[in-house]
Amino acid sequence: MAEIVLDKVTKRYPDGALAVSDVDIEIADGEFIILVGPSGCGKSTTLNMIAGLEDITSGELRIGGNRVNERAPKDRDIAMVFQSYALYPHMTVRENMAFPLRLAKVDNATVERKVNDAAEILDLTQHLDRRPANLSGGQRQRVAMGRAIVRSPKAFLMDEPLSNLDAKLRVQMRTSVSRLQKQLGTTMVYVTHDQVEAMTLGDRVVVMRGGVVQQIGAPQYLYDHPSNLFVAGFIGSPSMNFLPATLEDGTLRSSLAELPLTDRIRKLLESADAPREVIMGVRPEHFEDAALLDDASRARGATFTGQVDVLESMGSDKYAYFTLSGEQATSAELAELAADVGSADVPTSGIQLVTRISAASPARLGQSAEIWFDADKVQLFDPSSGRNLTFAGE
Amino acid sequence: MSMQSDMSQSVIGADAVKRSGGRGKVVLSEGKKAERKLGLMLIAPAAIVMVAVTGWPIIYSVWLSLQRFDLRFPEKQAFVGLENYGTVLSNGYWWTAFGVTSLITVVSVVFELVLGMGLALIMHRTLVGRGLVRTVALIPYGIVTVVAAFSWRYAWTDGTGYLASLFGQDQALLTQRVPALAIIILAEVWKTVPFMALLLMAGLALVPEDLLKAAAMDGANGWQRFTKVMIPVMKPAILVALLFRTLDAFRIFDNIFILTSGAQNTSSVSMQTYNNLIKGLNLGIGATMAVLIFITVAIIAFVFVKLFGTAAPGSDQEGRR
Ligand SMILES: Nc1ncnc2c1ncn2[C@@H]1O[C@H](COP(=O)(O)OP(=O)(O)OP(=O)(O)O)[C@@H](O)[C@H]1O
Ligand SMILES: [Mg+2]
């Protein structure tokens, strides 16, 4: 076990592509850290550099305090699980799992014991003599994990290990990965582009975009205090609502409502030197059906009235969708997020708004409803730089 | 070359039979029956031509091999049963040629496999100028064997050849048995390494990059990755390459014909057949030798196909993804 430090690590591929740029991450011993971001943002490249499968162009990588830039993968004592599982097709499950130990010239009895232990943990005991080709996706995934844990490495690296599984199995494996990591207490670096995995699994999350680290922090912290538009839009499902807005004389004008700023936000905006035109962000759960609120609560926010486009009842609460008139907020970050989820191709007119309201709400599909939102939970962003103007952290 | 394509077809054919075996008992619907009939009709022209051009000569050779049939004494033609086989198989020259052929086959295929693998790895790994490297590497294979053999002969001819002069004057290497065999093998290897490399490269493409990365993470060094992961995964491709080359090498003719004409006991079984059949005009003995070569080649092919069975190219295909 060991801590892993990336110190201004940069990767430029031979063809000139800058995949990762000046990444600084300090991963504590035993920590479970997640690298997340849209496709092509350099997650795998970062992981491969830690593994030693890709050379580091500049910067330093330290494992357990020692510089390891020049060490071959096998000398770093790190195990990796691949998205494709990369099981050896010509070996049985047992041989696959024993492979790292055999290479390390561990004696037979120990190999036998360790493989059996790992098989026990991963519930693979009855499959030990089968070939990977004859296993299900979930079983193959577990074999890949087994091969990683048998030799008790200093750290685990996982590159989208669950993305080839179907949704149900993925949820199941997610909890077992989490449990396994807690049980072993080994440092783990886990790459995913699934923000739900990112939120639920890690101690801390690293959000990347275009090879640059956007923000590092605990999942809840990133959710509550995103440092920029990109992180705000990436973390959370359904994602934050964004609308163009104008700041004038202590009020925030948008197609939702005209909203007097709270003192807290006013102060933050002053120190951030906010421009006049901003992007306003509101999380779905910061809305509520106004009909359910007393006057005191109403006074802490503003209301708008709209026609319910779609109403999804989740049992515990409801998602109400609205389309507001006006232009959508535009920025480079938002365009990239839309492209990543594929919604860039869906033609939309007006502003799409997702709200999460109480199950008790009388709102009905196709009818108009008065919806309230919390003035103090509004986040404001600079459209040109994407910076969070209401960022209260650090 | 024709033999190669025949073999590839028979290998694929065996595979197909095996696979359809399980389904054979299923009762076919009308539509399926019609489809099958159409399929048979579509392949019929090709199948008939194939049988006519390969089946007939084989049958005719077998029939000839059972006759006393020397064109110099046509009046003595008669059916003699297996007498010709007795004559050939008790003849020292035949066995010498058989030994020489086997030696050339084994030695040249071993060299071709090793060098071909090296070349395949180079071509597979090359990042810059890949096309150029591949083209250059394939040049020897593109040259007509006889032409290449002549250039080797001149190169090794005492007094005038640039390679002969490296070994000093008055050596006449092509007139000594061991050096001549070495030169024949060299010419053979030089010519077919690219072919081997091409087949092996197709096999290398079957080895997923992730598998090698995983092995590197598991602690394997370059050699271990090669022997423990690459070779086992590409075993089917290696066997195909070996099969093609072994069959081809066993029928070696042109290089020997040009380089030594079989002098100093360097002739192969194909040379012997040629000498009896075409030069000696002894159709009976020549046909017998041809049939014996055919049987040997069939045995080699059979052994390889048996090996395929255990390598089971189809069975672990899925695990590759
Ligand atoms: N071998 C390579 N040569 C050149 N450029 C590369 C190479 N591998 C990756 N890249 C580039 O580096 C960038 C980062 O790639 P990387 O594979 O790390 O992305 P990723 O975040 O893992 O994406 P995904 O979620 O799709 O796996 C991409 O723009 C990619 O095109
Ligand atoms: Mg990736």
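How many residues of domain 1 of chain A are in contact with domain 2 of chain A, and how many of domain 2 of chain A are on the other side? Nine from domain 1 of chain A, and 15 from domain 2 of chain A.

Before I go on: this is a predicted model. Please keep that in mind throughout.

So, two interfaces today. One lies inside chain A. The other joins chain A and chain B.

Start inside chain A. The chain is divided into domain 1, residues 4-229, and domain 2, residues 236-381. Take the centres over C-alpha atoms, and the two domains of chain A sit 37 Å apart. Between them, about 1200 Å² is buried. Carbon and sulfur atoms give 53% of that.

Who supplies the area on the domain 1 side? Three names to remember: Arg209(A), Tyr223(A) and Leu229(A). Together they give 62% of what domain 1 of chain A buries against domain 2 of chain A. No other three residues give more.

Now the polar side of this domain interface. The rule finds two salt bridges across it. Arg209(A) we have just met among the main area suppliers. Arg209(A) also forms a salt bridge, with Glu333(A) as partner. Their closest N and O atoms are 3.6 Å apart. For polar contacts between the two domains of chain A, the count is six residue pairs, both members at pLDDT 80 or more. And the make-up of the domain 1 side? Four nonpolar residues, three polar, two charged.

Next, chain A against chain B. Here 23 residues of chain A meet 22 residues of chain B. The two chains bury about 2100 Å² between them. Carbon and sulfur atoms carry 65% of it.

How many salt bridges does the rule find across the interface of chain A and chain B? One. Arg147(A) pairs with Asp218(B), N to O at 3.4 Å. Polar contacts come to six residue pairs across this interface, again with both residues at pLDDT 80 or more.

Which elements of chain A face chain B? Four of them supply at least two residues each. They are helix H1 (43-51), strand S6 (78-81), helix H2 (93-103) and helix H4 (137-149). By class, the side of chain A that touches chain B has 16 nonpolar residues, three polar and four charged.

To recap, two pairs to look up on screen. Inside chain A, pick Arg209(A) and Glu333(A). Between the chains, pick Arg147(A) and Asp218(B). That's it from me.

Notes:
Residues numbered from 1 in each chain as written. Chains lettered and ligands numbered in written order. Predicted model: local features only at pLDDT ≥ 70, side-chain atom pairs only at ≥ 80, totals over all residues. Heavy atoms only, no water. Domains from an automatic or database assignment. Contact = heavy atoms within 4.5 Å. Buried area = accessible area lost by both parts, 1.4 Å probe. Salt bridge = Lys/Arg side-chain N within 4 Å of Asp/Glu carboxyl O. Polar contact = N/O pair within 3.5 Å; in protein donor to acceptor, adjacent residues only side chain to side chain. Nonpolar A, V, L, I, M, F, W, Y, C, P; charged D, E, K, R; others polar. Helix = DSSP H or I, 4+ residues; strand = E, 2+ residues; numbered from the N terminus.
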